[in-house]
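This report covers the surroundings of the ligand and then one loop residue.

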Amino acid sequence: MVSKESKTQAVINLCQRRGFVFPAGDLYGSFAGFFDYGPLGVELKRNVQASWWNRFVLGREDMLGLDGAVLTHPRIWKASGHVDAFNDPLVQCKKCKHRFRADHLIEEELKESVDGISEEKLNAFLSEHKLVCPDCKGALSEAKNFNLMFKTSVGATEDNYAYLRPETAQVIFTNFKYLHQIGRKQLPFGIAQAGRSFRNEISPRNFVFRGREFEQMEIEFFVHPDKLDDCPDFDAVSKRKALFCTEKHQKDGEDGQKMTFGDAIKKKIVQTKWHAYWLAEALDWFASLGLTKLRLRQHRSDELSHYAKETWDVEYDYPEWGWKELMGIANRTDFDLKQHSKESGKELAVFDESTKQKVVPHVIEPSFGLDRLLFTLLLDAFTEKKGKDDSGKEETKVLLKLHESIAPVPLAVFPLMKKDGLAEKAWEIYVKLKKQNPAIVYDESGSIGKRYARMDEAGTPKCVTVDHQTLQDGTVTIRDRDSGEQKRVKSDSIKT
Ligand code: ATP
């Protein structure tokens with residue numbers, strides 16, 4: 001980093017300055033945990049979501065898409081266990097009344113991961129280490145479970161209530177049998193959904209990494225319970241490598257070990273082939289967006305969610321926070337379908353053609369968070385370099401090296417100057433190129449250096465400049481964001 005602020009803070013500042021994403025509804029003061037996406041952020045979000053949908057839904061023969069309701073029947077969450085168990089441990093300062101998530105407080109103070117451990121153990125930790133309020137040093141209350149679901153009333157009576165879904169997954173489970181019928185898919189197959197989820201996080205922080213309203217992109221992949229190792233697609237991924245951080249690595253304080261997915265299965269590090277396949281696919285998709293500083297971290301046995309038999313998080317090595325969860329891939333077994341079957345009194349087993357059996361399938365769930373991913377992509381792409389402004393003074397320039405498949409603005413067209421018919425020619429070229437890709441932009445304001453800098457900050461991979469030579473031979477310069485190199489090409493040869 002060239003500048004003094006942390007990289008994370010520099011990216012947050014860039015997000016707000018350039019209108020990628022910023023605190024919601026600032027007009028009335030802060031409303032923690034909610035964010036609005038501006039013009040650049042919206043396009044980035046749409047591009048990443050489209051890449052996910054194209055790869056995992058439209059690009060596959062074994063996936064069905066869904067867009068379910070956000071406000072959901074309370075019995076869904078009773079059945080799923082969220083009413084009883086979707087809690088985070090809350091502590092309150094007895095003096096200043098500030099509230100904290102107990103596990104995060106312990107992690108920050110003691111640099112030890114206590115994710116998912118019981119309320120009792122957390123309280124033992126708090127008193128053993130005599131932890132106090134980080135804001136005023138006041139004494140802390142005991143940790144108590146706090147349910148993260150938002151509740152609202154429906155219709156004219158207050159008795160009818162609903163929850164804003166805290167994950168998209170359950171809406172998939174409740175539609176499973178119906179989609180299996182109308183979608184004409186045999187096991188194994190998946191249902192995918194991208195949409196909003198809501199969690200009343202105790203202390204939303206780290207910008208969009210942890211918000212109260214956020215977007216998830218989830219797949220529930222349904223497999224015959226005896227066929228979790230019968231994965232025809234596994235061979236195609238078995239030679240790919242990843243950094244695996246097992247429970248043992250974590251106990252030994254190690255980052256993990258690099259190995260192939262084939263070895264991870266052979267050594268029983270990952271229990272089933274379908275699970276390993278989805279881990280490999282998730283990493284491959286991240287790599288296609290340019291994100292490679294990743295590892296797979298196994299959930300410790302004391303951290304596993306109530307529904308999961310085995311879970312791996314894909315973690316990114318964040319500049320100031322170290323390894324943190326980017327997404328999770330869980331083996332949810334038949335827990336959810338069986339719970340919904342019990343609660344609704346309806347059978348959710350389906351007929352499996354290959355075995356001629358009626359089965360309740362098991363589920364592998366790759367669960368991606370879109371906002372967290374966007375922030376990670378921005379952090380990963382953020383680069384600073386020293387440069388000169390128009391007057392020759394040294395300044396720090398920002399380059400956002402976003403992968404060109406997701407850049408909010410794929411290309412910008414500039415006239416070198418407005419006079420001599422250059423603006424008209426540039427506009428003509430712009431209108432032609434916009435037919436190829438409507439996301440390209442035209443800019444004629446300010447010096448050419450300022451325009452390049454604006455586009456570098458927005459992550460625009462290519463800028464086309466129209467100059468006097470264009471009027472003579474139809475060529476333009478095309479400048480590459482990362483190398484700064486300029487080439488002369490025929491304007492009609494440009495593809496965007
Ligand atoms: P964490 O441990 O960070 O709270 P989680 O394990 O509760 O996350 P999951 O329930 O596995 O998260 O949700 C799947 C994904 O949804 C996460 O990996 C993350 O990308 C995203 N996600 C979850 N909670 C939030 C949040 N509050 N804000 C933004 N994204 C979130």
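## Polar contacts of the ligand

In this predicted model, a nitrogen atom of the ligand lies 2.8 Å from an N or O atom in the side chain of E201. A ligand nitrogen is also 2.8 Å from a polar backbone atom of G211, and one is 3.4 Å from a polar backbone atom of F209. A polar contact here is a pair of N or O atoms within 3.5 Å; within protein, one must be able to donate a hydrogen and the other to accept it, and residues adjacent in sequence count only if both atoms are side-chain atoms.

The protein buries 87% of the 590 Å² that the ligand exposes when taken alone (Shrake-Rupley method, 1.4 Å probe).

## The shell

The ligand is surrounded by 15 residues, with E201, R210, G211, E325 and L326 the closest (one heavy atom within 4 Å). By class, 5 are nonpolar, 5 polar and 5 charged; Gly counts as polar, and Asp, Glu, Lys and Arg as charged.

At least two shell residues come from each of β11 (213-223), β16 (322-333) and β19 (362-369). The largest contribution is that of β16, with 4 residues. Strands are DSSP runs of E, at least two residues, and helices runs of H or I, at least four, numbered from the N terminus.

## D230

D230 sits in the loop between β11 and α8 (234-237). Its relative accessibility is 42%, so D230 counts as partly exposed (between 20% and 50%, 1.4 Å probe, protein chains only). D230 and T272 are 42 residues apart in sequence, and their C-alpha atoms are 8.8 Å apart.

## Basis

Residues are numbered from 1 along each chain as its sequence is written, and side-chain values use heavy atoms, without hydrogens and water. Local features need pLDDT of at least 70 and side-chain atom pairs 80 or more, while totals for chains, interfaces and linings use all residues.
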